Amino acid sequence: MSTGTEVERKFLVASLPDLGQARSVQIRQGYLTSKQDTVEIRLRQKGDTYLTTLKKGAGLERIECEAEISQDHFDLFWPATEGRRVEKARWTGTLESGRVFELDIFDGRLAPLTLVEVEFDNVADATAFQPPPWFGRDVTDDARYSNASLAATGTPPDDG
């Protein structure tokens, strides 16, 4: 189980980078809460790992608590996420700066949306971060690009 503060920035992707050195895993996640709730509770299958996560807050810095669960528990609650799900391929790699990126290529009704996130130790590092040229517009503070919002409403019309 992990608990802490998550500091991350999220960007649209202007052009796909070389993913030859990156690792990929299929992810499906669904939300037990609605996007109007003050906390998010999600289920996630990441490869052969099953997780439940609570997130509170919005934008650059949020509280995150995550715990691994059994596939049986995942399967028990998964039907309750109907209508609030996303599926994506997550590519994890390293930027020239040494920072780790997570590039999400969405499937299904969210395709061809592609987002990239970078996590930081603190807000100062996040604010100072200079994204590489393949990163597009910063959507960290645009709630329409939270996974919970995407799961409920789909890709925002101006970017879909």
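**Rings and charges in a predicted model**

User: Are Glu 40 and Arg 62 buried or exposed?
Analyst: Neither Glu 40 nor Arg 62 escapes burial, where buried is under 20% relative accessible area, exposed is over 50% and partly exposed is in between (1.4 Å probe, protein chains only). This is a predicted model, so local features need pLDDT of at least 70 and side-chain atom pairs pLDDT 80 or more, while totals for chains, interfaces and linings use all residues. Numbering runs from 1 along each chain as its sequence is written, and side-chain values use heavy atoms, without hydrogens or water. For both Glu 40 and Arg 62, the verdict is buried.

User: How many residues apart are Glu 40 and Arg 62, the two ends of that salt bridge?
Analyst: Their side chains meet at 3.3 Å, N to O, and a salt bridge here is a side-chain nitrogen of Lys or Arg within 4 Å of a carboxyl oxygen of Asp or Glu. Glu 40 sits in strand β3 (residues 39-46) and Arg 62 in strand β5 (residues 61-69); strands (E, at least two residues) and helices (H or I, at least four) are DSSP runs numbered from the N terminus. The pair links distant parts of the chain, with a separation of 22 residues.

User: Which strands does the salt bridge between Arg 90 and Asp 104 tie together?
Analyst: The N to O distance for Arg 90 and Asp 104 is 2.7 Å, and both residues are buried. Since the partners lie in separate strands, the pair ties together parts 14 residues apart in sequence: β6 (residues 85-94) and β7 (residues 100-106).

User: Which residues do salt bridges with shared partners join into one network?
Analyst: The total count is 14 salt bridges. Those sharing partners make one network, and its members are Glu 6, Glu 40, Lys 55, Arg 62 and Glu 64.

User: Is Glu 82 buried or exposed?
Analyst: Glu 82 pairs with Arg 85 in a salt bridge, the closest N and O atoms being 3.4 Å apart. Arg 85 has a relative accessible area of 24%, so that partner is partly exposed. Glu 82 is at 55%, so the label is exposed.

User: What type of aromatic pair do Phe 11 and Phe 129 form?
Analyst: Eight aromatic pairs turn up in the structure; rings of Phe, Tyr and Trp (its six-membered ring) pair if their centres lie within 6.5 Å, with planes under 30 degrees apart stacked, over 60 edge-to-face and the rest tilted. For Phe 11 and Phe 129 the centres are 6.2 Å apart and the planes at 55 degrees, so the pair is tilted.

User: How many residues apart in sequence are the parts tied together by Phe 11 and Phe 129?
Analyst: Phe 11 lies in strand β1 (residues 2-13), while Phe 129 lies in the loop between α2 (123-128) and β9 (135-138). Phe 11 is buried at 2%, and Phe 129 is buried at 8%. The parts they tie together are apart in sequence by 118 residues.

User: What is the angle between the planes of Phe 129 and Phe 135?
Analyst: Phe 135 counts as buried at 6% relative accessibility. Its ring and that of Phe 129 are 6.1 Å centre to centre, in a tilted pair with an interplane angle of 50 degrees.

User: Which residues form one aromatic cluster?
Analyst: Phe 129 is in two of the pairs above, with Phe 11 and with Phe 135. The cluster consists of Phe 11, Phe 101, Phe 120, Phe 129, Trp 134 and Phe 135.
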